[in-house]
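User: Could you walk me through this protein model with some questions and answers? I am in my first year, so please explain the terms as we go.

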Amino acid sequence: STSSIGGSVSTESALSFDPSNMGDLLIDRDTLRKQWLSLTLPKPKMSSALQAAVGRTYESLCEEQPIGRKLFQQFLLASNPQYMVTTEFLEELSDWSFAEGEAREKAKQSILAKFCQPESRSFLFYLTGEAAERCKDVTDKNFDEVMLGQIREATKDFLRGRPFSEYLKSPFYYRFLQWKEYEKQRITDRYFYELRPLGKGGFGEVCAVQVKHTGHMYACKKLDKRRLKKKGEERMALMEKQILEQVNSLFIVNLAYAYDNKTHLCLVMDLMNGGDLSFHIYELGERGIRMERVVYYMAQIITGLLHLHSMDIVYRDMKPENVLLDAKGQCRLSDFGLAVELPKHKTICRKVSAGTPGYMAPEILRQEYYRTSVDWWALGCSFYEMVAARLPFKDFKEKVQNEEVTRRILEDECKFEHKHFDAPTKDIISRFLKKKVIHRLGCQDDDPRNHVFFKSINFRRLEAGLVEPPWVPKSNVVYARDMDKFRHTSEVENIMFEGKDETFFKQFSTGAVSIQWQKEMIDSGMFDELNNPKLNGYGCESVWE
Ligand code: ADP
Ligand code: MG
Ligand code: MG
């Protein structure tokens, strides 16, 4: 039947609706609400409480984890209203740093008046010693990132001290542990509705899925276990999962869940339904991408790459096909099947040829040692391709041997014949396409974001997701090549699993990824619903199971 999911949402009825029809999936909030009411948070086990406590810092518990952050804020408010000054100050400071023009000036004056005058009610009372002096000395003139940054740090030092240790003994932290217990639930296929296919990868299909109890939509990349084993790619799959779960960036597809079923390993990630950039370059109207969009995408891609590199991760598969757009028109890097973590302290990759022909850097082709430089080269190629709708060393649809492309990459100068190459564009691309690593943009102590090509971009706002996309995908268009071919991949026969395979599947299937899962709980309203009854300060007994 194709009945909608109203009424009782048992697993059986959920499984019987037609997954190819997206229209069925607009779950009404009332149904969700009914489900939630029957849910209560689990009691944390003593063992998980200890686990959560060991090695957990103020940063992780009260800043990075979204639910931890919320509960810490609630604690501050309930335990000592004066503590709220810290929150107000940090919020206004962050508003100021993202604001532009008049709004920025207004934010600055407000901070000066409220937090820096000893006679003000919201004076930062907790500052001591040097920090206190500095705060009183802030004026219209010396108000800048450095000065305020120091006060911000002093504020965090304060929170890290007494408030944090009081928090750890409060019912709010107990509630946090309950959420952590809930976060650890086992994830199976039954957690999701499966919707339409989105694409096909080397080891299986990627399809849209929806979390049953929150309504949140994701993309699920399925990797066929037998196919992986046959090709000996298990380690690669694990690497892809481990890299994805570490990153947390607006410009990289983030992993929300990793789980398995009988036949597949599944990576549940941000849903990107605006198509990949190669589709936008070649398949929509006039070939190439408008310059205003190129600037925006490049700024986002570079920010994503810098995030990866800061974690010593080399992407190794930079190309337009791997950059996906979401429904709002923001882009993210995806497909981390080739990414590697550089060994700590030893900052060099082994000589492994990896990447896509046409995007491979000279140092890879010459089989030299390399680090992150290869990503900047491939970025130069992708940049060129977005403007000219061809690669720098291979024309559109040109029939040419890989050996010849290699020769051109190693020997030829790149030409800029397309009409859309203006001076700054030519300059920045040719800097990324320097054959010698020491001359290449991004490979020394230089920052590609400072290039004049990006003069219209405020990177601070971009990183906070505050810059509007220049182009928004239409909601009724499927931005992908022919969908029919996606279903029905042939079965792999004669593959049996042993103990070590099961161990590997277990290692892969770690369930929910903290930050993404907690965001989903908050965004869907689940957090507010389940967090009742409200905690009122102290006196609540902690009960351990
Ligand atoms: P493979 O590593 O096997 O190449 P990919 O990760 O590139 O697999 O995924 C295959 C295809 O699935 C992509 O080309 C894209 O069309 C689609 N796809 C992958 N991830 C997403 C996502 N997060 N959102 C939407 N579509 C996706
Ligand atoms: Mg791919
Ligand atoms: Mg891949």
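User: How are α6 and α9 oriented to each other?

Analyst: Happy to help! This is a predicted model, where local features need pLDDT of at least 70, side-chain atom pairs count only at pLDDT 80 or more, and totals for chains, interfaces and linings use all residues. Residues are numbered from 1 along each chain as its sequence is written, while chains are lettered from A and ligands numbered from 1 in the order in which they are written. Helix α6 (residues 84-98) and helix α9 (residues 145-160) pack at about 150°, with axes 11 Å apart (helices are DSSP runs of H or I with at least four residues, strands are E runs of at least two, both numbered from the N terminus; axes are lines fitted to C-alpha atoms, for helices over the stretch in contact, and angles run from 0 to 180 degrees between N-to-C directions). Angles under 35 degrees count as roughly parallel, over 145 as roughly antiparallel, 65 to 115 as roughly perpendicular and the rest as oblique, and therefore α6 and α9 are roughly antiparallel.

User: Which residues of α9 make the contact with α6?

Analyst: Two residues are in contact if their C-beta atoms, placed from the backbone, lie within 7 Å. On the α6 side, the contact is made by T86, F89, L90 and L93. Facing them from α9 are L148, R152, T155, F158 and L159.

User: How are α6 and α7 oriented to each other?

Analyst: The axes of α6 and helix α7 (residues 101-115) come within 9 Å and cross at roughly 155°. In α6, F89, E92, L93, D95 and W96 meet R104, A107, K108, S110, I111 and F115 of α7. The two helices α6 and α7 are therefore roughly antiparallel.

User: Which helix gives the most to the largest nonpolar core?

Analyst: A nonpolar core is a set of buried Ala, Val, Leu, Ile, Met, Phe, Trp, Tyr and Cys residues joined through C-beta atoms within 7 Å; a residue is buried if 20 or more other C-beta atoms lie within 10 Å of its own, exposed if 12 or fewer, and partly exposed in between, with C-beta atoms placed from the backbone. The largest core has 105 residues, and V209, A219, A256, V268 and I301 have the most contacts inside it. With eleven residues, the biggest contribution to this core comes from helix α17 (residues 373-388).

User: How many residues does the other core have, the one with F89 and W96?

Analyst: This core lies apart from the largest one. Among its members are F89, W96, I111 and C135. Its size is eleven residues.
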